[in-house]
Amino acid sequence: MIFNPEYECMDRQARDKLQLAALKNLTETLFSKVPFYRKKMIEAGITPKDIHCTKDIDKLPFTTKDDLRDNYPHGLRACPQDRIVEVHMSSGTTGKPVVNEYTIKDLDIWRQSMARTLAGAGCTRDDIVQNCYGYGLFTGGAGVHYGALTIGAEVLPMSSGNTERQLMILRDFGSTMLTCTPSYALYLAEEAAESGIDIRALPISKGCFGAEPWSENMRIEIEERFNMKAYDIYGLTEIIGPGVAFECEAQHGLHVNEDFFFPEIIDSATGKVLPAGVKGELVFTTITREGTPLLRYRTRDITCIIEEPCSCGRTTRRIQRLFGRTDDMLIIRGVNIFPSQIEQALIEIEGTEPQYLIIVSRENHLDEVELQVEVKKELFTDETRGLENLRSRIEQVMRSKLQIGLRVKLVEPKTIERSIGKAKRVIDNRKI
Ligand code: DLL
């Protein structure tokens, strides 16, 4: 279902006009109200008057996560404090949190974005949405909540954790839609099987999963285990939270809510804008935000833009499912590796569970990687030769896909710690 055909299916030229007007307005506000941006624009030798078309955006300065941290907590606010009505913060583990402050209009942008997102996955007012994203400072819980209310669906504001209760509600309330991280969805499926609940027979028919990288194979796994459709949703605290981009029924790329969030792909080394179809770092400008609008924010997420029209009828540009981040990229003996590549390779190997942990260490100045992989229960009762064969197969597949050798350790089901939010896939013990 298309929630807002007027904007989602708008003629591209008409959208470009809207975007240009919003961009001009934004640069004027930032220049006059936010000293940080005024200084940056002056340094770059540009004023709002130099913006004549949306392509001129590449003359404007970037914003980085460090800029946000340096201006913590309120340095990037672009409106008076009394217009701020809600605040969220990032879940980051290092340094100061990243703060997003919303006005009523910002919350409206978020509600709209998330209503489009959930509708893209088929949500209607008849749905019962079990929302297991965390509520609180994290944006996941609130974002889905606002979107579901805007559609008129029924929301079960479960928040994350308490898996036993999640399963009880899933069964007793007949939830029809699930929203949580993809790793938690798989954990729920696992626990349901353990408790003898046949989740495939429950009314749940679709879910929106995001907040962490996941592979196409993980989608298939979730869809099979739940007997439902699994859609990818993308977003980040700095920009709005979830709802920046979402998959439609075509499940081929994520539609960017472009009338709110202007996307660019850049070469992260040179900062140059890259054409559609070329992989690089995703950058967003929040062209209509009021509280803490951002100019050319470097997300560190890696993807590319898809220009071609989508079969669903929406005209918004799409981004490819995320490839990883510029910063969670592991460099092992000089080779760039993303955890998602390991996951993708692993799920194709029969006998393994989609649960893994990458432990990196440095021995005698050489990087070593141990890949712990959970193995299906049946295999552990099998003869040891079967396990040994599987172990060396995984090592072989990894070597051919990643071009480096890893040590594989097979572990029993449920040994790798499960997360109720974003999964932790890498432990890097190297002291560099
Ligand atoms: O994770 C917002 C969110 C909540 C998105 C619920 C989707 C669903 P942050 O905690 O600020 O915000 O983390 C943002 O998570 O820059 C990506 O690296 C990663 N991420 C988010 N969605 C996806 C996705 C929320 N669908 C960071 N695929 C982003 C891959 C994702 N990575």
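Trainee: Where is the place of Gln 251?

Mentor: In this predicted model, Gln 251 sits in the loop between β8 (241–247) and β9 (254–256). Helices (H or I, at least four residues) and strands (E, at least two) are DSSP runs, numbered from the N terminus.

Trainee: Before we go on, what are the ground rules?

Mentor: Residues are numbered from 1 along each chain as its sequence is written, and side-chain values use heavy atoms, with hydrogens and water left out. As the model is predicted, local features need pLDDT of at least 70 and side-chain atom pairs count only at pLDDT 80 or more, while totals for chains, interfaces and linings use all residues.

Trainee: Why is Gln 251 called buried?

Mentor: Buried means under 20% relative accessible area, exposed over 50%, partly exposed in between (1.4 Å probe, protein chains only). Gln 251 has 18%, so it counts as buried.

Trainee: What makes the pairing of Gln 251 and Glu 223 a polar contact?

Mentor: A polar contact is a pair of N or O atoms within 3.5 Å; within protein, one must be able to donate a hydrogen and the other to accept it, and residues adjacent in sequence count only if both atoms are side-chain atoms. The side chains of Gln 251 and Glu 223 are joined at 3.2 Å, and those of Gln 251 and Lys 229 at 3.4 Å, so both fit that cut-off.

Trainee: And why is Thr 288 called buried?

Mentor: Thr 288 has a relative accessible area of 17%, so it passes the same cut-off for buried. You'll find Thr 288 in the loop between β11 (280–286) and β12 (297–303). Thr 288 touches Ala 22, Lys 105, Ile 109, Asp 259 and Phe 260, leaving aside residues up to four places away in sequence; contact means heavy atoms within 4.5 Å.

Trainee: Which residues have the most contacts inside the largest nonpolar core?

Mentor: Tyr 37, Leu 118 and Tyr 234, in a core of 61 residues. Helix α5 (residues 104–120) gives the most to this core, seven residues. A nonpolar core is a set of buried Ala, Val, Leu, Ile, Met, Phe, Trp, Tyr and Cys residues joined through side-chain atoms within 4.5 Å.

Trainee: Now the ligand: how far from an oxygen atom of the ligand is a polar side-chain atom of Thr 237?

Mentor: 2.5 Å. For Lys 422, a polar side-chain atom lies 2.8 Å from a ligand oxygen. Both pairs are within the polar-contact cut-off, so they count.
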